[in-house]
Amino acid sequence: MNSKSYRIKLILVLFSSMFVMGLDRSSLGIAAPVIMKELNIDTATMGVALSAFFWTYTLFSLPAGNLADKYGSKAVFGWAAVIWSLASASTGLASGLFGIIAARLGVGVGEAAVFPVTAKIAGDNFPSKERATAIGWYLSGARLGYAATPIVMGFLIAQYSWRMAFIITGLGSLLWCAIWYYWYKDPANQSKLGPNVAKPKTVIPWMQLLTNRCTLGIFLTKFCGDYLYYMFLTWVPSYLVMERGFSILKMGIFASLPFLTAFIIQPVAGYLSDWLIKRGASLTVARKGVLVTSQLCASSIMAVGFVDDPMVAVAILTINIAATSTVGGMMFTLVTEVSPPGMTGTVTGSMNTVGAMAGILAPTITGFIVKLTGSFQMALALSGGLLLLAACTVLFVIPAIRPMELGENKNP
């Protein structure tokens, strides 16, 4: 493993990448009320536009992880960041619904690489007893990005327009690409293949991987957790405006609170899980214990639609989105523990693909529920129920935490 000082710097660089990614990913959800009004788009149609990101995100998550396993993390992550930054900026140039959808498809292509590649980087550079803490810290950058987005986008929309807001934030994200290009170096055994360089190839036993009990449990858990997470990112800002009567600026402040809380809680939860291991707890107890506790807390979103006081609703949202963020961090930590050697990017990409399917469904289903019922109540209840299912899956489906044995072969 690399030196401690290098690992700290790596966390900071990954933290900044997550901040940039979080801002570009969640920006459309903040601008949605203004865009719907200007372009005369109803909630069902906007739900489709909000889900467009996840169409390509789903398709490219697995290839991105597989490419990182084959050719290293630096090039894959760097080019991915360029793609999503330019695509996000192009949202501001869209003349209508189809232009917005096209831009979001581009953002999905680039951001599909984020979690598979960073999970691989964590597995390559951090020992197991430090991994949950490291992942918790750098993933908290995304939560800070999500927290900043309502404030940044709200300010830019109020001062200029929603179009300029996308152009400014998208082009600004390109600055991170330069940092990544000049600073990060792939580990020696992960360098890019040259035309005359022979390297052992991992033959992935896909059927064993995709039908393994551990993998199936991870897939179901990821889907349920991501459904709530992506519903929050895409629709809760509009919920605060449309159902709770908040202004755009007020919404920006209160929509950021859950993610500011998550920014603090996520690395703390990762530290707690690693602390349990250092105190003698098994990987299974340390990882599953924190994961299930977080899932149960996150399921409290079911109560949001049934309270009258807007501030109580915001308080509940703050609790459950912080808990959901912890769920996400522990899932990526868990994958680094169960992935066979040399397959972390591939397994993470597979998991992320399933989670992205929830990203396709959550905005669309929520939009149709709101259109049919005139309320977000049933949509919030559905997402909370899925978190309870996820907790049961972790307890009763996912086996003890150890590397899966898939019988992969090496060919010279």
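**Overall architecture and aromatic pairing in the predicted model**

The accessible surface of the protein amounts to about 16,000 Å², and carbon and sulfur atoms contribute 69% of this area. The structure is a predicted model. Its secondary structure consists of 15 helices and 2 strands. Along the principal axes, the C-alpha trace extends over about 60 × 45 × 40 Å. The radius of gyration is 20 Å, which agrees with the value near 22 Å that a compact globule of 412 residues would have.

Burial and contacts were examined next. Of the 412 residues, 58% are classed as buried. When contacts between residues at least 6 apart in sequence are considered, 86% of them join residues at least 24 apart. With respect to charge, the protein carries 28 positive and 16 negative side chains, and a distance of 7 Å separates the centres of the two sets.

Aromatic side chains form 21 pairs. In one of these, the ring centres of Tyr 146 and Phe 259 lie 5.0 Å apart with their planes at 55 degrees; the pair is therefore tilted, as this angle falls short of the 60 degrees above which a pair counts as edge-to-face. Tyr 146 belongs to helix α6 (residues 128–159) and Phe 259 to helix α11 (residues 248–278), so that the pair links distant parts of the chain, 113 residues apart. Both Tyr 146 and Phe 259 are buried. These two residues are also members of one aromatic cluster, which further includes Phe 53, Phe 54, Tyr 57, Tyr 229, Tyr 230 and Phe 232.

Definitions and conventions
Residues are numbered from 1 along each chain as its sequence is written. This is a predicted model: local features need pLDDT of at least 70, side-chain atom pairs count only at pLDDT 80 or more; totals for chains, interfaces and linings use all residues. Side-chain values use heavy atoms; hydrogens and water are left out. Helices (H or I, at least four residues) and strands (E, at least two) are DSSP runs, numbered from the N terminus. The radius of gyration is taken over C-alpha atoms; the globule rule is 2.2 Å times the number of residues to the power 0.38. Buried means under 20% relative accessible area, exposed over 50%, partly exposed in between (1.4 Å probe, protein chains only). Contact means heavy atoms within 4.5 Å. Accessible areas come from the Shrake-Rupley method with a 1.4 Å probe; for residues, only the protein chains shown count as cover. Lys and Arg count as positive and Asp and Glu as negative; His and the chain ends are not counted. The place of a charge is taken as NZ of Lys, CZ of Arg, CG of Asp or CD of Glu. Rings of Phe, Tyr and Trp (its six-membered ring) pair if their centres lie within 6.5 Å; planes under 30 degrees apart count as stacked, over 60 as edge-to-face and the rest as tilted.
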